[in-house]
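Some labels deserve a check against their cut-offs. The questions below do that for one model.

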Amino acid sequence: MKKNRFNALNLFLLLTLFLLAACGNDDTAATSKDGSSDKSSEEKVLRVGTSGIYPPFVSKGKDGNLEGYDVEVLETVGEKLGYKVEWTVAEFAGLFGMMDNGKIDTIANLIAITETRSAKYDFTDPYAYSGVTLVVKDDRNDIQSLEDMKGKNAGVLLGNNMHEFVQKWNEENGNEINIKPYQDVSGTYSEVALGRLDAFVDSKITAVSRIDKEGLPLKLASDEPVFSTDHAFPFVKTEENKAFIEEFNKALQELKDSGKLKEISDKWSEIDFTTP
């Protein structure tokens with residue numbers, strides 16, 4: 001009888017310790033992005049989509065990892081807010097659809113704030129400013145504006161704000177420009193150098209970087225931009241995202257005030273991204 005009582009007591013103590021340990025595990029469960037308890041997650045994660053081929057903002061380095069101004073800005077803000085940044089590389093034309101479907105939280109690809117996008121998405125404060133230019137062969141002096149592109153072939157990245165702008169301008173001015181959209185921008189500058197395109201429409205910052213990096217016989221058509229844009233990170237309109245954007249903007253402002261944002265800009269280009 002004593003032996004049975006001893007075994008029962010041991011069993012009771014073991015069960016009590018087990019229950020206390022389980023309660024302790026519940027109390028230390030990780031917090032997800034929306035603030036709820038999530039046992040399956042050990043850290044907060046910001047899921048970011050990108051094309052991965054838009055230097056100096058985002059591209060793959062020699063080690064195969066993503067690098068660039070957008071990448072470093074997001075990684076730095078994420079670290080300040082306690083978020084791990086999780087990257088997904090896909091074709092640019094599909095990135096907004098991925099965000100709409102909840103597969104990613106935001107996009108890092110020098111995304112311009114436009115009226116159309118602002119109606120559907122909430123944006124952070126701008127982290128970069130740029131002008132849009134025409135890239136032409138270095139021996140051409142007949143192209144300096146969109147007006148000069150009438151009757152010629154203009155390349156654009158499918159679905160981006162420059163594509164939308166040129167398409168709208170073309171519709172309002174006689175539809176005389178032959179617009180050629182590309183899914184992938186990696187070979188577009190070579191198309192201009194080979195004469196298959198008369199010009200490619202791109203941000204001035206990217207154009208200067210690519211012309212220098214690729215060593216192609218190209219130049220900017222003019223010092224005057226076709227138009228200028230502010231760039232920020234978009235999010236689907238939800239109350240949770242609005243709260244996150246407020247946190248993000250505070251951290252971004254700290255980077256601006258400390259000079260860190262300009263330091264990151266100077267690292268990736270001779271052109272200052274951080275001022276209009």
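A nonpolar core is a set of buried Ala, Val, Leu, Ile, Met, Phe, Trp, Tyr and Cys residues joined through side-chain atoms within 4.5 Å. The model is predicted.

Q: Which residues have the most contacts inside the largest nonpolar core?
A: They are Tyr69, Val73, Tyr127, Leu134 and Phe233. The core has 47 residues. Apart from it lies another core, of 23 residues, with Phe92, Leu95, Leu197 and Ala232 among them.

Q: What does Phe233 touch, not counting residues up to four places away in sequence?
A: Its partners include Val73, Leu74, Thr106, Ile107, Tyr127 and Phe248.

Q: Why is α2 called roughly perpendicular to α8?
A: Helix α2 (residues 69-81) and helix α8 (residues 239-258) pack at an angle of about 110 degrees. Angles of 65 to 115 degrees count as roughly perpendicular, so α2 earns that label against α8. Their axes are 10 Å apart, and α2 passes α8 in a right-handed crossing.

Q: What makes up the contact of α2 with α8, by class?
A: It has 9 nonpolar, 1 polar and 3 charged residues. Val73, Leu74 and Thr76 are among those from α2. Phe244, Glu247 and Phe248 are among those from α8.

Q: Why is Gly52 called buried?
A: Its relative accessible area is 4%. Buried means under 20%, so Gly52 qualifies. Gly52 sits in the loop between β3 (44-50) and β4 (53-54). Beyond its sequence neighbours up to four places away, Gly52 touches Val58, Ser59, Lys60, Leu66, Val89 and Asn109.

Terms used
Residues numbered from 1 in each chain as written. Predicted model: local features only at pLDDT ≥ 70, side-chain atom pairs only at ≥ 80, totals over all residues. Heavy atoms only, no water. Axes fitted to C-alpha atoms, helices over the stretch in contact; angles between N-to-C directions. Helix = DSSP H or I, 4+ residues; strand = E, 2+ residues; numbered from the N terminus. Parallel < 35°, antiparallel > 145°, perpendicular 65-115°, else oblique. Left-handed = near helix turned anticlockwise from the far one by under 90°. Contact = heavy atoms within 4.5 Å. Nonpolar A, V, L, I, M, F, W, Y, C, P; charged D, E, K, R; others polar. Buried < 20%, exposed > 50% of the residue type's maximum accessible area, 1.4 Å probe, protein only.
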